[in-house]
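I'm opening a fresh page for a structure I haven't met before. My plan is to look things up one at a time and jot down what I find.

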Amino acid sequence: ERTAESRTRGERFRANFAPIAPQFGQGEASLAPTLRDMRAVVLSGVRTPIGRYGGALSGVRPDDLAAVAIEAAVERSGVDPGAIDDVFLGCANQAGEDNRNVARMAALLAGLPDSVAGVTVNRLCASGLSAIVSASHAIMAGDVEIAVAGGVESMSRAPLVMAKPDK
């Protein structure tokens with residue numbers, strides 16, 4: 001029998017995917033198109049209203065805002081909350097109230113089961129989009145089957161940052 005180091009790429013590929021996807025068939029040539037065809041799809045979309053600095057939403061915490069959107073998106077999708085594997089949320093600020101894993105907090109506040117994980121992504125202005133892309137990648141890679149993804153921010157509730165004064 002061949003060792004893991006001496007296996008061909010196709011043999012390693014089949015060994016990794018055979019337990020989770022027996023429908024792939026035999027041989028590397030039959031596997032590659034199937035994996036290229038794997039897609040992540042959007043089942044529903046929800047957003048909160050766009051507010052303005054110090055406006056009507058300034059009294060609402062970012063994790064509470066995200067929880068409202070998550071709960072509504074899951075409800076509209078018809079997906080059993082227990083089937084969700086992960087929540088990916090982008091958040092650029094991550095200071096003040098949202099200085100912890102705001103994705104996990106929002107998932108819990110939305111009523112998702114404790115078994116649902118959460119990951120917060122910070123890529124500044126692209127945080128929400130990066131979270132959606134990360135969720136798509138996780139689905140296409142087979143790491144998760146169902147994910148919730150989006151972004152959350154409340155600039156009204158973000159701490160004010162000032163430059164250090166000159167001496």
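**Entry 1: the overall fold.** I counted 5 helices and 3 strands in the protein chain. This is a predicted model, so I'm reading everything below as a prediction. Going along the sequence, I wrote down the pattern α-α-α-β-α-β-α-β. I then looked up burial, and 28% of the 167 residues count as buried. I also checked how far apart in sequence the contacting residues are. Taking contacts between residues at least 6 apart, I got 66% that join residues at least 24 apart.

**Entry 2: salt bridges.** Next I wanted the charged pairs. A note to self on the idea: side chains of opposite charge can pair when their charged atoms come close. How many salt bridges does a search of the whole structure find? I got 2.

The side chains of D63 and R61 make one of them, at 3.2 Å from N to O. The other is between the side chains of D63 and R100, at 2.4 Å from N to O. I looked up where that pair sits: D63 is in helix α3, while R100 is in the loop between β1 (86-90) and α4 (102-109), so this bridge ties together parts that are 37 residues apart in sequence. Put together, R61, D63 and R100 are linked in a network of salt bridges.

Are the members of this network buried or exposed? I checked each one. D63 has 3% relative accessibility, and buried means under 20%, so D63 counts as buried. R61 comes out partly exposed, with a relative accessible area of 30%. R100 is partly exposed too, at 24%.

**Entry 3: helix α5.** I moved on to α5, which has 15 residues. From its first C-alpha to its last I get 21 Å, close to the 21 Å expected at 1.5 Å a residue. Just after α5, I noted that G142 takes a positive phi of about 85 degrees.

Which residues of α5 are buried? My list reads S127, G128, S130, A131, A135, A138 and I139. I kept a general reminder beside it: an α-helix has 3.6 residues a turn, so residues three or four places apart point the same way. Then I looked for what the buried residues of α5 pack against, and found β1, β2 (117-121) and β3.

I picked two serines from that list for a closer look. S127 is in helix α5, and its relative accessible area is 2%, so it is buried. Leaving aside neighbours within four places in sequence, S127 is in contact with G90, C91, A92, V121 and N122. S130 also has its place in helix α5. At 11% relative accessible area, S130 is buried. Not counting residues up to four places away in sequence, S130 touches V121 and R123.

**Entry 4: C91.** C91 turned up among the contacts of S127, so I followed it up. I found C91 in the loop between β1 and α4. Its relative accessible area is 0%, which means C91 is buried. What does C91 touch, not counting residues up to four places away in sequence? I wrote down D98, V102, T120, V121, N122, S127, V152 and E153. I also looked up one C-alpha distance: C91 and L124 are 33 residues apart along the chain, and their C-alpha atoms are separated by 7.4 Å.

**Entry 5: the largest pocket.** Last, I went looking for empty space. The general trick is that rolling a probe the size of a water molecule over the atoms shows where empty space is left. The largest pocket has a volume of about 1,200 Å³. I counted 43 residues lining it, and V46, A69, A149, G150 and G151 lie nearest its centre.

Which elements each supply at least two residues of the lining? I noted α3 (62-77), α5 (127-141) and β3 (147-151). The largest share comes from α3, with 7 residues. That is also the helix where I placed D63. Sorting the lining by type, I got 27 nonpolar, 11 polar and 5 charged residues.

Conventions. Residues are numbered from 1 along each chain as its sequence is written. This is a predicted model: local features need pLDDT of at least 70, side-chain atom pairs count only at pLDDT 80 or more; totals for chains, interfaces and linings use all residues. Side-chain values use heavy atoms; hydrogens and water are left out. On a 1 Å grid over the protein atoms alone, a cavity is a set of points where a 1.4 Å probe fits but cannot get out, and a pocket is an open set with protein on both sides within 12 Å along at least five of seven lines; lining residues have an atom within 4 Å of a point. Grid points are joined across faces, edges and corners, and a volume is the space filled by probe spheres set on the points. Helices (H or I, at least four residues) and strands (E, at least two) are DSSP runs, numbered from the N terminus. Ala, Val, Leu, Ile, Met, Phe, Trp, Tyr, Cys and Pro count as nonpolar, Asp, Glu, Lys and Arg as charged, and the others, Gly among them, as polar. A salt bridge is a side-chain nitrogen of Lys or Arg within 4 Å of a carboxyl oxygen of Asp or Glu. Buried means under 20% relative accessible area, exposed over 50%, partly exposed in between (1.4 Å probe, protein chains only). The expected span of a helix is 1.5 Å times one less than its number of residues. Contact means heavy atoms within 4.5 Å.
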